[in-house]
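Me: I am new to this structure and would like a close look at one part of it. Could you walk me through a helix and what surrounds it?

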Amino acid sequence: MTIEINGKTIETTDHGYLVNHLDWDEDVARGLARIEGIALTDKHWDLIRYLRNQYLTNNQHQPMERAVLKDMTTLWGTKPTSKDLYTLFPLAPTKQGTKIAGLPEVLRKGGY
């Protein structure tokens, strides 16, 4: 599949994830969010940048929700709940957020 963003054709998987994470930029994130029906706020961007940073600087690590909650507590200064993260990304913050962050699909089914 492909999507068209700002005149640029970008290849995606059947589930809408970028085939090449290097095709990502903030305009691509906005386009992917629009497809997902999400209006990005500062908190969305915090989580998107966090997920990208973890992947790009931590051996392609894609953190579990528990780690995301802990790290967002540090960043936001208040402790978010899982519900807070699902309000941002209703189809799972570590999956839908990862999609908008331009990263590979997370295939794990839970655990620690």
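Reply: What follows is a tour that begins at helix α1 and moves outwards to its surroundings. Please keep in mind that this is a predicted model.

Let's start with the helix itself. Helix α1 covers residues 26–36, and its buried residues include Val28, Ala29, Gly31, Leu32 and Ala33. What do the buried residues of α1 pack against? Their partners are the strands β1 (2–5) and β2 (8–11), together with the helices α2 and α5 (96–100).

Both ends of the helix deserve a look. At the start of α1, a side-chain oxygen of Asp25 comes to within 3.0 Å of the backbone nitrogen of Asp27. Just after α1, you will find Gly37, whose phi is positive at about 80°.

Now turn to the strand side. Ile10 belongs to strand β2. Is Ile10 buried or exposed? Its relative accessibility is 1%, so Ile10 counts as buried. Setting aside residues up to four places away in sequence, Ile10 touches Met1, Thr2, Ile3, Leu18, Asp23 and Val28. Val28 is a residue you have already met, as one of the buried residues of α1. For a sense of distance, the C-alpha atoms of Ile10 and Ile48 are separated by 19 Å, and the two residues lie 38 places apart along the chain.

While you are here, look at the loop between β1 and β2, where Asn6 is found. Most residues other than glycine have a negative phi. Asn6, which is not glycine, has a positive phi near 50°. Asn6 is exposed, with a relative accessible area of 64%.

Next comes α5, another partner of the buried residues of α1. Lys99 sits in this helix α5. Because its relative accessible area is 12%, under the 20% cut-off, Lys99 counts as buried. Which side chain does the side chain of Lys99 meet in a polar contact? It is that of Glu36, at 3.1 Å. Beyond its neighbours within four places in sequence, Lys99 is in contact with His15, Gly16, Tyr17, Leu32 and Glu36. Leu32 is again one of the buried residues of α1.

The remaining partner, α2, leads further on to α3. The axes of α2 (residues 42–57) and α3 (residues 65–76) come within 11 Å and cross at roughly 120°. That angle makes α2 oblique to α3. The crossing of the two helices is right-handed. On the α2 side, Lys43, Asp46, Leu47, Tyr50 and Leu51 take part, and they meet Ala67, Val68, Asp71, Met72, Leu75 and Trp76 of α3. Sorted by kind, the residues of this contact are eight nonpolar and three charged, with no polar ones.

In the loop between α2 and α3 you will find Asn59. Asn59 also has a positive phi, near 55°, without being a glycine. With a relative accessible area of 74%, Asn59 is exposed.

The last stop is Glu65, which lies in helix α3. Glu65 is buried, with a relative accessible area of 19%. Its side chain is joined to that of Tyr86 by a polar contact of 3.5 Å. Not counting residues up to four places away in sequence, Glu65 touches Ser82, Leu85, Tyr86, Pro93 and Thr94.

Definitions and conventions. Residues numbered from 1 in each chain as written. Predicted model: local features only at pLDDT ≥ 70, side-chain atom pairs only at ≥ 80, totals over all residues. Heavy atoms only, no water. Axes fitted to C-alpha atoms, helices over the stretch in contact; angles between N-to-C directions. Helix = DSSP H or I, 4+ residues; strand = E, 2+ residues; numbered from the N terminus. Parallel < 35°, antiparallel > 145°, perpendicular 65-115°, else oblique. Left-handed = near helix turned anticlockwise from the far one by under 90°. Contact = heavy atoms within 4.5 Å. Nonpolar A, V, L, I, M, F, W, Y, C, P; charged D, E, K, R; others polar. Buried < 20%, exposed > 50% of the residue type's maximum accessible area, 1.4 Å probe, protein only. Polar contact = N/O pair within 3.5 Å; in protein donor to acceptor, adjacent residues only side chain to side chain.
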